[in-house]
Amino acid sequence: MLPFLREYWGNPSSAYHFGHRLANDVEAAREKVAALIYADPREIVFTSCGTESNNSAIHSALLTHPEKRHVLTTSVEHSANVKFCAHLQKQGYAATLLPVESDGSLDLHLLNNPFGPTLQSSR
């Protein structure tokens, strides 16, 4: 079993020695992951759960491209992502939920209508 699940379970961001040791291990893991995908270690971000990961990815994309004000997702998306899109609408973003066909595919022709399927109060 990984020692981080039994022996070294502290907060790597803490100020105490136990945490400092963990911070070094996290940085070593970050470097290994980066090497596996030929990335810079500064590009590797560890999160605590899927919701945080998804929200961080969407939020980062929007911050990277502030001129983009429209989020597109599907009607079968996880509720955490749908809720985040609803939150973004309150911030002035448009959000479109594309319906999913019975076989799981998307009707991409719906994208031709910029005012097509949306969350409840888009724009």
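Before we look at any single loop, let me say that helices and strands are here runs assigned by DSSP, helices of at least four residues and strands of at least two, and that they are numbered from the N terminus. With that in hand, we can place Tyr-38, which sits in the loop between α2 and α3, the latter covering residues 50-64. Please keep in mind throughout that what you see above is a predicted model.

Let me stay with Tyr-38 for a moment. Most residues other than glycine have a negative phi. Tyr-38 is not a glycine, and yet its phi is positive, at about 55°. Is Tyr-38 buried or exposed? Its relative accessible area is 79%, and because anything over 50% counts as exposed, Tyr-38 is placed in the exposed class.

Now let us step back to the whole chain. The protein has 4 helices and 2 strands, and if you read along the sequence you meet them in the pattern α-α-α-β-α-β. Of its 123 residues, 22% are buried. The protein exposes about 9100 Å², and 57% of that area is supplied by carbon and sulfur atoms. If we take the contacts with a separation of 6 or more, residues 24 or more positions apart account for 38% of them.

Next, the interior. In soluble globular proteins, nonpolar side chains tend to be buried together. Which residues make up the largest nonpolar core here? There are 7 in all, namely Leu-62, Val-71, Phe-84, Cys-85, Leu-88, Tyr-93 and Ala-95. Helix α4, residues 79-90, gives the largest share of this core, with 3 residues.

Helix α4 also holds two residues that I would like you to set side by side. Gln-89 lies in this helix, and with a relative accessibility of 12% it counts as buried, since the cut-off for that class is under 20%. Lys-83 has its place in helix α4 as well, but Lys-83 is exposed, with a relative accessible area of 60%. Each can be paired with a residue from earlier in the chain: Gln-89 and Arg-69 are 20 residues apart in sequence and 9.4 Å apart from C-alpha to C-alpha, while Lys-83 and Asn-55, 28 residues apart in sequence, are 10.0 Å apart in space by their C-alpha atoms.

Just along from there, in the loop between β1 (70-74) and α4, we find His-78, which counts as partly exposed at 49% relative accessibility. Its C-alpha atom is separated by 9.8 Å from that of Asn-54, and the two residues are 24 apart along the chain. Ser-56, in helix α3, is partly exposed too, at 31% relative accessibility; between the C-alpha atoms of Ser-56 and Val-45, 11 residues apart along the chain, the separation is 9.6 Å.

Finally, let us turn to the largest pocket, which holds about 250 Å³ of space. Which helix gives the most to its lining? That is helix α2, residues 17-36, with 4 residues. Among the lining residues you can look for Phe-4, Trp-9, Leu-22, Asp-25, Val-26 and Phe-46 in the structure above. When the lining is sorted by kind, 8 of its residues are nonpolar, 1 is polar and 1 is charged. Asp counts as charged and Gly as polar, so Asp-25 is the charged residue of this lining and Gly-10 the polar one.

How values were computed. Residues numbered from 1 in each chain as written. Predicted model: local features only at pLDDT ≥ 70, side-chain atom pairs only at ≥ 80, totals over all residues. Heavy atoms only, no water. 1 Å grid on protein atoms, 1.4 Å probe; cavity = no way out; pocket = protein on both sides within 12 Å on 5 of 7 lines; lining within 4 Å. Points joined across faces, edges and corners; volume = space filled by probe spheres on them. Buried < 20%, exposed > 50% of the residue type's maximum accessible area, 1.4 Å probe, protein only. Contact = heavy atoms within 4.5 Å. Areas by Shrake-Rupley, 256 points an atom, 1.4 Å probe, with all protein chains shown as cover. Core = buried A, V, L, I, M, F, W, Y, C linked by side-chain atoms within 4.5 Å.
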